Amino acid sequence: MTPPTHATAPTRFVEADGIRFAYRRFGADVGTPLVLLQHFRGGMDNWDPMVTDGLAAGRPVILFDNAGVAASTGETPETIEAMGDGAAAFIRGLGLGVVDLLGFSIGGCAAQALVLRHGELVRRLVLVGTIPRGGELQDRHPDVSTVAGHPEPTMDDFLFLFFEPSENSQQAGRAFWDRRHQRTIDVDPPSSVQTAVAQRAALTEWAQPRGERFADLRTISQPTLVVNGNHDIMLPTINSYILSQHIPKAELVIYPDSGHGSLFQYPTLFVHHVSRFLDADPTFS
């Protein structure tokens with residue numbers, strides 16, 4: 001029997017804290033499960049199969065929709081901390097003791113909140129194209145909010161938001177767009193307007209510092225890999241440097257000629273870097 005992949009893994013559901021979470025699990029049968037937290041309004045089908053299947057070659061991979069997103073029930077909360085709590089409830093609902101966590105964009109914010117509030121659940125942390133609480137947004141492109149708010153994001157929207165204007169980056173973006181539509185059965189429904197409004201509110205609140213700026217990052221004890229493109233117009237790349245400077249056990253990878261979607265522009269290299277990091281000897285962490 002052919003093992004399930006990104007395109008064929010069935011959507012399953014688990015009840016936790018009053019939410020019916022939609023999820024898909026595929027990949028290796030052994031190893032620490034890797035749970036992925038997705039970007040603004042994104043569901044399980046917004047991941048790149050080259051990334052998810054590549055990572056699944058060496059470990060179980062779990063995609064899921066947080067509360068209110070796409071196929072999961074409930075309402076999307078209006079704070080990042082509540083999103084982190086929702087992800088923690090999902091992990092516990094599956095009966096998982098410890099996981100590795102990969103958060104992209106707003107998913108990276110929720111991953112930080114989760115590890116700060118439920119650190120016992122997380123072995124290693126990967127933060128991609130994301131921002132710490134109270135991070136830097138001055139260099140955000142002025143058109144980001146408008147384009148990201150389009151009711152039905154198009155390929156051109158993704159090419160602008162996630163990729164650089166260069167020919168190579170745009171070509172990589174079009175290839176990603178084709179890959180992310182490989183799944184044609186049992187697909188996620190679009191996320192609701194409520195999700196978009198709540199996630200915007202959560203990001204706005206997350207942009208405000210609490211107490212000493214970035215002090216909470218110094219309390220993250222898990223080995224952490226921070227990844228971004230060298231020109232992220234959505235959540236400026238400087239935030240990846242800030243994360244790597246303040247998280248005690250952080251490594252930083254910056255990809256050239258790329259932006260917010262660097263993991264989708266360099267999927268093979270990204271899988272290599274993440275796999276190397278997750279498989280590293282804990283003696284040297």
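**Exercise 1. Place R41 in the fold and decide whether R41 is buried or exposed.**

Start with the chain: R41 sits in the loop that runs between strand 3 (34-37) and helix 1 (49-56). Keep in mind that we're working with a predicted model here.

Next, check the accessible area. R41 has a relative value of 16%. The cut-off for buried is under 20%, so R41 counts as buried.

Now look at what R41 touches. Leaving out residues up to four places away in sequence, the contacts are A148, G149, H150, P151, P153, S191, T195, A196 and Q199.

Finally, try a distance check against the start of the chain. M1 is 40 residues away from R41 along the sequence, and their C-alpha atoms are 34 Å apart.

**Exercise 2. Find out how many aromatic pairs the structure has, then classify the pair F104 and F162.**

First, the count: searching the whole structure turns up 14 aromatic pairs.

Then take F104 and F162. Their ring centres lie 5.8 Å apart, and the planes meet at 85°. Pairing needs centres within 6.5 Å, and planes over 60 degrees apart count as edge-to-face, so this pair is edge-to-face.

Where do the two rings come from? F104 belongs to strand 5 (residues 99-104) and F162 to helix 5 (residues 155-162), so the pair links distant parts of the chain, 58 residues apart.

Check burial as well: F104 has a relative accessible area of 0% and is buried. F162, at 4%, is buried too.

Last step, follow the ring pairs outwards. They join F104 and F162 with W47, F158, F163, F176, W177 and F264 in a cluster.

**Exercise 3. Work out whether the radius of gyration agrees with a compact globule, and back that up with whole-protein numbers.**

Begin with the rule: for 285 residues, a compact globule would come out near 19 Å. The protein has 17 Å, which agrees.

For the outline, the C-alpha atoms fill a box of roughly 50 × 40 × 35 Å along the principal axes. Inside that box, the protein has 10 helices and eight strands.

Then go to burial and contacts. Of the 285 residues, 55% count as buried. Among contacts with a separation of 6 or more, 75% are between residues 24 or more positions apart.

Round off with the surface and the charges. The accessible surface is about 11,800 Å², with 55% of that belonging to carbon and sulfur atoms. There are 22 positive and 32 negative side chains, and the centres of these two sets are 4 Å apart.

Terms used:
Residues are numbered from 1 along each chain as its sequence is written. This is a predicted model: local features need pLDDT of at least 70, side-chain atom pairs count only at pLDDT 80 or more; totals for chains, interfaces and linings use all residues. Side-chain values use heavy atoms; hydrogens and water are left out. Helices (H or I, at least four residues) and strands (E, at least two) are DSSP runs, numbered from the N terminus. The radius of gyration is taken over C-alpha atoms; the globule rule is 2.2 Å times the number of residues to the power 0.38. Buried means under 20% relative accessible area, exposed over 50%, partly exposed in between (1.4 Å probe, protein chains only). Contact means heavy atoms within 4.5 Å. Accessible areas come from the Shrake-Rupley method with a 1.4 Å probe; for residues, only the protein chains shown count as cover. Lys and Arg count as positive and Asp and Glu as negative; His and the chain ends are not counted. The place of a charge is taken as NZ of Lys, CZ of Arg, CG of Asp or CD of Glu. Rings of Phe, Tyr and Trp (its six-membered ring) pair if their centres lie within 6.5 Å; planes under 30 degrees apart count as stacked, over 60 as edge-to-face and the rest as tilted.
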